[in-house]
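Here's a short set of exercises to work through with the structure open in your viewer. Try each task before you read its solution.

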Amino acid sequence: MSSRLFAARKSGRMIWLKCLMGLALLCAPLLATAWWNGDWAYRKKITLDGAETPALGGQVQQVLLPIRLHAGNFLFFDAQQSGADLRFVAADDKTPLNFHIEQFDPINEIAIVWVQVPSVGAKDSAVYLYYGNPQAAAAGNVAKASFDPHTVAAFHFAEREGLPRDATGYGNNASSSSGSQGAAGASGFGLGLSAVQSLRIPATPSLATLAGSGWTVMLWAKTAEAAATGTILSRSEADKALVFGLEGGKPYLALADGTRKARVAADKPIDGGTWHHLAFTLADKARLYVDGQEVASGALQAPELKGDVLIGAGAAGGGLAAEIDELQISNLARAADWVRAAAVGQDPQSKLVQYGGDESGGGNDYLAVIRTLANAVSLDGWIIIGFIGVLGLFSMEVMVTKMRTIVRMRRQNEEFLGVFRDASSPLAQLDADAANAKIRDWSESPLFHLFHRGINEVFSVQKLTGGVMTPQAFEVVRAGLEATMVEESHRLNNRLVLLTLSVSGAPFLGLLGTVVGIMITFASIAMAGDVNVNTIAPGVAAALTATVSGLVVAIPVLFGYNFLATRIRELTTGMEVFANEILGKLALRSSLAELAGTLASAPALQAVAA
């Protein structure tokens, strides 16, 4: 016996141990991990090995990537209104990274931050975004440090006023620009150019192409039409010239050095109305790239040029009518994988960058998704969710009250039946005085109400008939019992209609909120003219919150209503059975009374006959 008890206890301890291990595994994501700085309340892990990784062809190091934040992946409410508390840390959660903010708009909840990441494309490629420090000062002029020393000019075109400015530390700002600023760009805002508009970057030593050095130009362009023709970038000095542009939609690079001329062109045109990443590298060989893929190459020798860099039309016009964005110039020929990583990482539709959940206080915050949705829900959505919430509260109150009432009814029914079916009790003898004495004790019992009504009807009828229970008298008693059953049924079903309204109405209210939210989302997208997952997802997710709210209310109410209806049906059936039982007892008592009267009168009849 003791061995069995020992084995049982051991088995119980093993079960508890397994349960604790399982709980530990479930709670593992909640356990705090290393935290770069305790002054920052929140962080988000951003992985750099998403669906676009195969397009990179391998791991690429030291790449400047745009981190696009919006209502769907970032809680702007928890950060400073200027974004001054943003910090980026490497995957080791120790090494701060250089970055700069191109755009931070907490009102429209959109931001673009450029971060120099250690690597992209590897399984462990990731960075941490820290935020939520009200006391943090801006990180300083880190834009210069974000670019490597070989990037001598970089234009985000984020300025709404004034001339476009160079984001690097070389200060190669534009000296003139006739283009339209504030146009929609591939990343934030861009610069719109017609065939006669241009932007001029004055000559500086950092922009010069010297003998033996190289040059790389990258930018995003969206032409106004297909098969477009025009100059994108040009540079000339005496009898030397460099021209980069499109001819019939095909990218080309033309060089002239005295009487020596050379040209490299792609075989296929780019389509109009779509953003494309265009780039060329030039050293002892020229290479053309479209969206990170090499499309042409040739043995072209770069001439020494120290003149101004002209974007768009020259003195005689001939510029490319297009919108441009993210112009970067480097003083060396970039490697193919570096150009490819820039194209893939900067693509507005790229899935290379994946945003993880928010963490707070050193652990995962699973409420971050709820908070994000709450921030994205519009006013009309909150109004509908409020109506649904009111329905839910009333329904919950009805279910709780009704359940407590039914429990009391069932308990008092059982107590009453126990006494009624005891042959020695006064109630079993249909004693009216005993019934009146129990009115307060069984005030919630439907069966007692039936019994009390039946007894009262019997005595009322007997007063009229002189104590004789005729068939008509039984019909009067039956009618009284049926009236009482109807009254009790109404009492049981009182306010249940509110539950049916919640079950049928809450999902439709939620659907209304979802449809309105989606309409507003698509209307906003149409007004903004920017269609991508980042702009659609937050609005659609917030709109679906209304439907979820309706279902969260309707499903529990549906279960509660069915449960209550079953219990009410049981009580109603019990009343029908008990009514028949009372009528049976009354009929039996009447028959016995008639038989006793007959036996009592028999001797008198015999005497008269004699």
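**Exercise 1. A charged pair under cover**

Is Arg334 buried or exposed? Once you've settled that, find its salt-bridge partner and work out how the two sit along the chain.

*Solution.*
Step 1. Keep in mind that this is a predicted model. Arg334 has a relative accessible area of 9%. The cut-off for buried is under 20%, so Arg334 is buried.

Step 2. Now look for the partner: the side chain of Arg334 meets that of Asp148 in a salt bridge, at 2.9 Å from N to O.

Step 3. Place both ends. Arg334 sits in the loop between strand 21 (322–330) and helix 4 (336–346), while Asp148 sits in the loop between helix 3 (143–146) and strand 7 (151–155). They are 186 residues apart, and the pair links distant parts of the chain.

Step 4. Check the cover on the other end. Asp148 has a relative accessible area of 17%, so this residue is buried as well.

**Exercise 2. One glutamate, two arginines**

Which residues form salt bridges with Glu570? Say what each pair joins.

*Solution.*
Step 1. Start with Arg410: its salt bridge with Glu570 has the closest N and O atoms 3.1 Å apart. Glu570 belongs to helix 11 (residues 533–609) and Arg410 to helix 6 (residues 379–420), so this bridge ties together parts that are 160 residues apart in sequence.

Step 2. Next comes Arg567, whose side chain meets that of Glu570 in a salt bridge at 3.5 Å, N to O. Arg567 and Glu570 both lie in helix 11, 3 residues apart, which is about one turn of the helix.

Step 3. Add the accessibilities. Glu570 comes out at 38%, Arg410 at 33% and Arg567 at 22%. Glu570 is partly exposed, Arg410 is partly exposed, and Arg567 is partly exposed.

Step 4. Zoom out to the whole protein. The count comes to 14 salt bridges, taking a side-chain nitrogen of Lys or Arg within 4 Å of a carboxyl oxygen of Asp or Glu.

**Exercise 3. Walking across a sheet**

What is the strand order of the open sheet of 7 strands, and which strands stand at its edges? Then follow the pairing from strand 14 to strand 16.

*Solution.*
Step 1. The order reads 8-11-20-13-14-15-16, with antiparallel pairing. Strand 8 (176–177) and strand 16 (260–265) are the edges: each has a single partner strand, so one side of each is left without a neighbour in the sheet.

Step 2. Take strand 14 (residues 240–247) and strand 15 as a pair. They run antiparallel over 8 bridges, and Glu247 stands opposite Lys250 in strand 15. Their hairpin has 2 residues between the strands, and Gly248 takes a positive phi near 65° there.

Step 3. Move on to strand 15 (residues 250–257) and strand 16, an antiparallel pair joined by 6 bridges. For landmarks, Leu253 has Val264 as its bridge partner in strand 16, and Leu255 stands opposite Ala262. This hairpin has 2 residues between the strands too, with Gly258 in the turn at a positive phi of about 70°.

Step 4. How is strand 15 covered? Of its 8 residues, 6 are buried, so the strand is largely enclosed by the rest of the structure.

**Exercise 4. What surrounds a serine?**

Which residues does Ser234 touch, not counting residues up to four places away in sequence?

*Solution.*
Step 1. Locate Ser234: it lies in strand 13 (residues 230–237). Its relative accessibility is 16%, so it counts as buried.

Step 2. List the contacts: Leu242, Val243, Asp308, Val309 and Leu310.

**Exercise 5. Confidence and overall picture**

Where does pLDDT stay under 50, and what do the totals for the protein look like?

*Solution.*
Step 1. The stretch is residues 1–32, for which the model has 10 contacts beyond four places in sequence. Over the protein, the mean pLDDT is 82, and 85% of the residues reach 70 or more.

Step 2. Count the elements: the protein has 11 helices and 23 strands. Buried residues make up 44% of its 610 residues.

Step 3. Finish with contacts and surface. Among contacts between residues at least 6 apart in sequence, 71% join residues at least 24 apart. The protein exposes about 30100 Å², with carbon and sulfur atoms supplying 61% of that area.

Conventions
Residues are numbered from 1 along each chain as its sequence is written. This is a predicted model: local features need pLDDT of at least 70, side-chain atom pairs count only at pLDDT 80 or more; totals for chains, interfaces and linings use all residues. Side-chain values use heavy atoms; hydrogens and water are left out. Helices (H or I, at least four residues) and strands (E, at least two) are DSSP runs, numbered from the N terminus. Buried means under 20% relative accessible area, exposed over 50%, partly exposed in between (1.4 Å probe, protein chains only). Two strands pair if DSSP finds at least two bridges between them. pLDDT is the predictor's confidence in each residue, from 0 to 100. Contact means heavy atoms within 4.5 Å. Accessible areas come from the Shrake-Rupley method with a 1.4 Å probe; for residues, only the protein chains shown count as cover.
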